[in-house]
Amino acid sequence: MEKHQRIVVLDYGSQYTQLLARRVRELGFYSEIITPDDFECDESVKGIILSGGPNSVYDPSSPNISDEVLNSGIPILGVCYGMQLLAHRLGGKVEEGELGEYGGVEVEIIDHSGLFKGIPKKIRTWMSHGDSVRNVPESFKITSKSLNNVIAAMENPKKKIYAVQFHPEVVQTQYGIEIIKNFLELTGMKPNWDLEDYVREKIEEIKAVVGNSKAICAVSGGVDSTVAAVIVNKALGNNLVPVFVNHGLLRLNEEHEVPFALKKLGLNVITVDASKEFLTRLKGVEDPEKKRKIIGETFIRVFEREARKIERLEYLVQGTIYSDVIESGSTGSKNVAKIKSHHNVGGLPEKMDLKIIEPLRELFKDEVRKIGKILNIPDEFLERHPFPGPGLAIRIIGEVNKENLELLKRVDKIFIDLLKEKDLYHKVWQAFTVLLPIKSVGVVGDKRAYENVVALRAVQSSEGMTAEWSNLPYEFLDEVAKKIVGSIKGIGRVVYDITSKPPATIEWE
Ligand code: XMP
């Protein structure tokens with residue numbers, strides 16, 4: 001495959017790095033995030049954006065930029081730390097501390113000829129920096145200053161190097177998108193990112209690569225696996241075999257509803273009921289990581305068994321998306337700490353000797369949803385809350401068995417149905433219930449009761465990396481709690497989890 005022309009965002013560790021790449025794509029230009037140490041310049045690179053980051057350029061261990069990139073002649077835009085790095089490396093002076101600016105800061109544009117073409121004289125920007133550029137490098141001009149008299153932007157049009165101290169990628173910066181757009185125009189690159197074209201090209205590419213062989217994929221009803229399967233199905237028709245493994249850890253009735261809905265999308269789904277096998281292997285297991293491991297391995301076993309029945313099988317389709325690639329460190333990032341081992345079908349290809357197709361690998365989650373819409377996939381798939389691969393097993397603290405699974409499925413249904421009924425489902429990013437391994441005393445009809453406790457969890461998040469607990473109305477929580485304890489025997493108390501991530505994680509296990 002010919003490489004896309006691209007804008008590379010070098011990641012210096014800012015929380016806004018992904019946002020930079022997304023803004024570029026929203027403007028119609030293909031962009032990729034790469035860690036500075038792993039970046040190799042080639043002809044496909046038409047512009048380079050240096051992200052912000054938490055470091056100080058004076059710290060010898062702080063991430064740098066290579067001479068090769070600096071002298072490449074490719075247009076560069078430095079943002080925040082990116083600007084300080086450029087100033088430092090090109091002979092300017094960066095000052096530590098003192099002149100830091102945080103939050104909304106007004107800046108005055110001094111020169112409108114390059115990056116600030118068409119931008120008003122004064123704009124409100126979003127700043128978050130401790131260090132500042134004191135002197136710009138020789139042959140650079142100052143193009144903006146903040147009202148605190150701190151240098152807010154500089155450029156050297158001859159070298160095509162531009163830099164801003166503020167964050168144009170966040171909505172709090174007025175005209176931020178226009179500033180990024182101006183940079184993209186200065187690169188001379190033509191827009192090349194259109195999701196309808198992307199889908200068409202992917203389908204053709206998959207057809208050409210797979211030819212007459214067969215491909216298999218696991219479908220769960222989640223957004224990513226559904227969109228991936230539908231794209232590949234358009235390319236291969238019945239040569240794609242979608243397999244739905246019922247591990248028995250799904251929500252109430254989903255083992256019937258999900259395959260039914262997937263079939264309506266034209267997928268020729270094979271359903272495998274392996275729920276007994278999973279439960280047997282989970283017997284007596286309490287440790288969350290062990291549960292994940294068992295579920296992952298059992299999944300592979302079941303899936304492999306199915307795959308062996310298929311002749312001419314050469315490919316495995318996976319719904320990996322760009323944030324999985326970034327998170328798993330496949331872009332090269334070194335500092336990815338393992339907090340939980342997220343289970344998907346990882347581990348399969350080596351065992352089964354299958355080649356992988358990942359039609360969504362370059363896409364952010366919101367782009368996957370947009371593609372889903374292009375493919376006419378109904379909202380019930382595209383707007384579903386994320387659901388973890390190990391399912392309810394990590395929402396039952398302690399051992400998973402048939403009884404507590406049944407209990408949790410019914411509790412979960414009450415919470416989710418009420419969220420939908422009250423029009424709150426789409427206002428939270430993810431919501432679920434957790435069965436706790438403790439009993440609590442109550443009084444029911446003048447008698448002492450001693451029953452289970454469940455926790456409700458609802459969070460706001462983007463991509464699940466960080467999360468805030470959702471501020472659901474008290475009346476709503478009251479109604480959910482009353483309905484759960486009133487209608488489900490065995491649950492005596494309901495609590496609401498008000499912890500954010502970090503320090504907690506979204507799931508309890
Ligand atoms: P945590 O609990 O890590 O969750 O804050 C972040 C997001 O990931 C989901 N999650 C998982 N998904 N396998 C998955 O496929 C897993 O083992 C797993 N653990 C957590 C979680 O539901 C949330 O959306």
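Domain bounds here come from an automatic or database domain assignment. The model is predicted: local features need pLDDT of at least 70, side-chain atom pairs count only at pLDDT 80 or more, and totals for chains, interfaces and linings use all residues. Residues are numbered from 1 along each chain as its sequence is written, and side-chain values use heavy atoms, leaving out hydrogens and water.

**Exercise 1.** Find the domains of the protein chain, then state what separates the centres of domain 1 and domain 3.

Solution. Start with the bounds. Domain 1 covers 6-187, domain 2 covers 195-382 and domain 3 covers 402-496. Now take the centres over C-alpha atoms. Those of domain 1 and domain 3 are 46 Å apart.

**Exercise 2.** Trace the pairing of strand S9 and place serine 144 in it.

Solution. Strands (E, at least two residues) and helices (H or I, at least four) are DSSP runs, numbered from the N terminus. Two strands pair if DSSP finds at least two bridges between them. S9 spans residues 141-146 and runs antiparallel to S6 (residues 101-109), with three bridges. S10 (residues 151-156) also pairs with S9 in the antiparallel sense, over four bridges. Next, serine 144 in S9: isoleucine 109 stands opposite. In S10, alanine 153 is its bridge partner. Last, the hairpin of S9 and S10 has four residues between the strands, and there asparagine 149 takes a positive phi near 70°.

**Exercise 3.** Decide whether serine 225 is buried or exposed, and list its contacts.

Solution. Locate serine 225 in helix H6 (residues 223-236). Recall the cut-offs: buried is under 20% relative accessible area, exposed over 50%, partly exposed in between (1.4 Å probe, protein chains only). Serine 225 has 16%, so it is buried. Contact means heavy atoms within 4.5 Å. Not counting residues up to four places away in sequence, serine 225 touches Ala218, Val219 and Ser220.
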